[in-house]
Amino acid sequence: MYSQYKAGKSLIHRIPACVKIIGMIIFILTGLTVQKPVFAVIFFCLSIVIAIAAGIHPKKLFLKTRYILALLLTGFVFNALSRGWITALPVFLRLYAIVILAQVFIFTTAPEELMECAENKFHVNKEYLISIMIAAGFLPLLQDSFHEIRTAQEARGADWMHGSLKSKIKGMIPLLVPIFRFTLQKAETLGEALTIKGYSSQK
């Protein structure tokens with residue numbers, strides 16, 4: 001199973017998975033309810049402090065969240081144009097702080113520890129947990145693969161950003177086909193690995 005977990009000895013690493021789950025839920029709920037700009041800034045700074053305490057370099061954190069950050073910045077621009085940057089900035093800071101905390105949780109929580117906590121403490125079905133962990137493990141692989149394929153296709157002259165809608169859709173084909181092929185290959189490899197280990201969803 002693929003994972004972004006990085007073993008470490010920081011205080012964040014030593015916190016039990018169940019405590020981190022509850023803390024993350026409280027953090028997210030607090031972030032979604034904070035309205036005043038000063039609290040949003042404090043909330044964002046707190047997420048950065050937590051990331052540094054977990055031993056995550058700010059540059060690495062930025063690289064791992066760059067696509068989500070681009071999406072949030074786009075939303076920030078539209079929100080700023082329609083409602084003003086004073087209103088848009090707290091929303092951006094709160095959402096990005098939640099993204100940072102989610103990355104910290106992924107980096108500092110071993111999948112085995114997370115599954116054990118969810119199964120024993122929250123009584124979540126083990127099969128559901130395995131499915132969720134496998135799906136989550138595919139996300140960083142797809143992200144890295146998308147970036148590599150996009151760079152390679154752009155070097156070959158592929159263009160899906162200009163022209164009519166039809167030409168844009170046609171230009172996306174050299175990008176989507178390798179992505180689907182990569183996904184199917186990884187899914188097949190993973191299925192074979194689970195079969196070899198004797199895993200079965202049937203009781």
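The following dialogue concerns a predicted model and the contact between two of its helices, together with its aromatic pairs.

Visitor: Why is helix α5 called roughly antiparallel to helix α6?

Guide: The axes of α5 (residues 66-83) and α6 (residues 85-108) cross at roughly 160 degrees. Angles over 145 degrees count as roughly antiparallel, and therefore α5 is described as roughly antiparallel to α6. The two axes come within 8 Å, and the crossing is right-handed.

Visitor: Which residues make the contact of α5 with α6?

Guide: From α5 the contributors are Ile68, Leu69, Leu72, Leu73, Phe76, Asn79, Ala80 and Arg83. From α6 they are Trp85, Thr87, Ala88, Leu89, Val91, Phe92, Leu95, Tyr96 and Val99. These residues divide into 14 nonpolar, two polar and one charged.

Visitor: What makes Phe44 and Tyr96 a stacked aromatic pair?

Guide: Two values decide the matter. The ring centres of Phe44 and Tyr96 are 6.1 Å apart, and rings pair if their centres lie within 6.5 Å. The planes of Phe44 and Tyr96 stand at 25 degrees, and planes under 30 degrees apart count as stacked. Both conditions are met, so the pair is called stacked.

Visitor: Why is this pair said to link distant parts of the chain?

Guide: Phe44 belongs to helix α3 (residues 37-53) and Tyr96 to helix α6, with their positions 52 residues apart.

Visitor: How do you know whether Tyr96 is buried or exposed?

Guide: The relative accessible area of Tyr96 is 8%. Buried means under 20%, so Tyr96 is classed as buried.

Visitor: What makes Phe92 and Tyr96 a stacked pair?

Guide: The centres of Phe92 and Tyr96 are 6.0 Å apart, and their planes are 15 degrees apart. The first value is within the 6.5 Å limit for a pair, and the second is under the 30 degrees limit for stacking, so this pair is also stacked.

Visitor: Why are Phe92 and Tyr96 separated by about one helical turn?

Guide: Both residues lie in helix α6 and are four residues apart, which means a separation of about one helical turn.

Visitor: How do you know whether Phe92 is buried or exposed, and which residues is it in contact with?

Guide: With a relative accessible area of 14%, Phe92 falls under the 20% limit and is therefore buried. Leaving aside neighbours within four places in sequence, Phe92 is in contact with Leu69, Leu72, Leu73 and Phe76.

Visitor: Which residues do ring pairs link into a cluster?

Guide: The cluster consists of Phe44, Phe76, Phe92 and Tyr96. In total, the structure holds four aromatic pairs.

Methods:
Residues are numbered from 1 along each chain as its sequence is written. This is a predicted model: local features need pLDDT of at least 70, side-chain atom pairs count only at pLDDT 80 or more; totals for chains, interfaces and linings use all residues. Side-chain values use heavy atoms; hydrogens and water are left out. Axes are lines fitted to C-alpha atoms, for helices over the stretch in contact, and angles run from 0 to 180 degrees between N-to-C directions. Helices (H or I, at least four residues) and strands (E, at least two) are DSSP runs, numbered from the N terminus. Angles under 35 degrees count as roughly parallel, over 145 as roughly antiparallel, 65 to 115 as roughly perpendicular and the rest as oblique. A crossing is left-handed if the near helix is turned anticlockwise from the far one by less than a right angle, and right-handed if clockwise. Contact means heavy atoms within 4.5 Å. Ala, Val, Leu, Ile, Met, Phe, Trp, Tyr, Cys and Pro count as nonpolar, Asp, Glu, Lys and Arg as charged, and the others, Gly among them, as polar. Rings of Phe, Tyr and Trp (its six-membered ring) pair if their centres lie within 6.5 Å; planes under 30 degrees apart count as stacked, over 60 as edge-to-face and the rest as tilted. Buried means under 20% relative accessible area, exposed over 50%, partly exposed in between (1.4 Å probe, protein chains only).
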